[in-house]
Amino acid sequence: MSGQFQGVQAHIRSKYPKALYVHCAAHSLNLAVSTASNIKPVRNCLGIIEKLYVFFNTPKRNAVLLSAIENSNTDQKVKKLKRLCATRWVQRYDSVHDFIELFEFVVNALECITEWNDSSATDATLLLKSFDSEFIISVNIVQVKKKIFYL
């Protein structure tokens with residue numbers, strides 16, 4: 001699309017020579033997050049969020065998460081985790097944003113599941129231990145990048 005010789009930019013400039021080419025905010029966000037995904041802590045953070053989506057994507061475990069949300073005193077608009085889309089970075093932001101909104105409930109649900117007597121307890125324990133300071137910082141960096149592009 002932005003090709004200097006055959007892209008839309010070139011075709012518009014051939015008709016309107018004074019036109020300026022500016023990357024759209026969504027494309028700039030895609031480039032920034034793509035670059036940040038090469039940073040190990042950010043890549044690991046996004047991987048953990050994806051693993052949490054997969055973990056809670058079973059009826060039994062999802063019921064525990066929904067129970068934690070419904071038993072709280074807050075009125076949550078977000079009720080479930082979203083999958084990280086590999087190609088649409090704005091949807092990745094939505095996944096991260098929803099995860100942050102549900103973080104307290106995710107932790108409560110994982111703590112409850114650690115008491116079970118099956119492999120889910122081990123998985124829940126490992127996921128809980130992945131919430132270290134590096135993870136928390138990375139999640140906030142990914143969220144801040146989106147806010148910067150939409151200011």
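**Reading an all-helix model**

Leaving out neighbours within four places in sequence, Phe131 is in contact with Ile48, Leu52, Phe99, Phe103, Val106, Val107 and Leu110. Keep in mind that this is a predicted model.

User: Which core does Phe131 belong to, and which residues have the most contacts inside it?
Analyst: Phe131 is part of the largest nonpolar core, which has 32 residues. Those with the most contacts inside it are Phe131 itself plus Leu52, Phe56, Leu81, Phe99, Val106 and Leu110. At least two residues apiece come from helix 3 (40-55), helix 4 (59-70), helix 5 (89-113), helix 6 (119-129) and helix 7 (133-149). Helix 5 gives the most, with nine residues.

User: Why would nonpolar side chains sit together like that?
Analyst: In soluble globular proteins they tend to be buried together.

User: What makes helix 3 roughly antiparallel to helix 6?
Analyst: Helix 3 and helix 6 pack at an angle of about 155 degrees, with their axes 11 Å apart. Anything over 145 degrees counts as roughly antiparallel, so helix 3 is roughly antiparallel to helix 6. Their crossing is left-handed.

User: Which residues make that contact between helix 3 and helix 6?
Analyst: On the helix 3 side, you've got Lys51, Leu52 and Phe55. Helix 6 brings Ser120, Asp123, Ala124 and Leu127.

User: Why is Cys45 called buried, and what does Cys112 count as?
Analyst: Buried means under 20% relative accessible area. Cys45 is at 1%, so it counts as buried. Cys112 comes in at 43%, and since partly exposed runs between 20% and 50%, Cys112 counts as partly exposed.

User: How many disulfides does the structure hold?
Analyst: Zero. A disulfide needs a pair of cysteine sulfur atoms within 2.5 Å.

User: And Lys82, where is it found, and what does it touch?
Analyst: Lys82 is in the loop between helix 4 and helix 5. Not counting residues up to four places away in sequence, Lys82 touches Tyr53, Asp94, Ser95 and Asp98. From Lys82 to His97 you go 15 residues along the sequence, and 9.5 Å in space, C-alpha to C-alpha.

User: Why is Lys82 called partly exposed?
Analyst: Lys82 has 40% relative accessibility, and the partly exposed range lies between 20% and 50%. That is why Lys82 counts as partly exposed.

User: What does the secondary structure of the whole chain come to?
Analyst: Seven helices and zero strands. Buried residues make up 36% of the 151 residues. Among contacts between residues at least 6 apart in sequence, 65% join residues at least 24 apart.

Terms used
Residues are numbered from 1 along each chain as its sequence is written. This is a predicted model: local features need pLDDT of at least 70, side-chain atom pairs count only at pLDDT 80 or more; totals for chains, interfaces and linings use all residues. Side-chain values use heavy atoms; hydrogens and water are left out. Buried means under 20% relative accessible area, exposed over 50%, partly exposed in between (1.4 Å probe, protein chains only). A nonpolar core is a set of buried Ala, Val, Leu, Ile, Met, Phe, Trp, Tyr and Cys residues joined through side-chain atoms within 4.5 Å. Helices (H or I, at least four residues) and strands (E, at least two) are DSSP runs, numbered from the N terminus. Contact means heavy atoms within 4.5 Å. Axes are lines fitted to C-alpha atoms, for helices over the stretch in contact, and angles run from 0 to 180 degrees between N-to-C directions. Angles under 35 degrees count as roughly parallel, over 145 as roughly antiparallel, 65 to 115 as roughly perpendicular and the rest as oblique. A crossing is left-handed if the near helix is turned anticlockwise from the far one by less than a right angle, and right-handed if clockwise.
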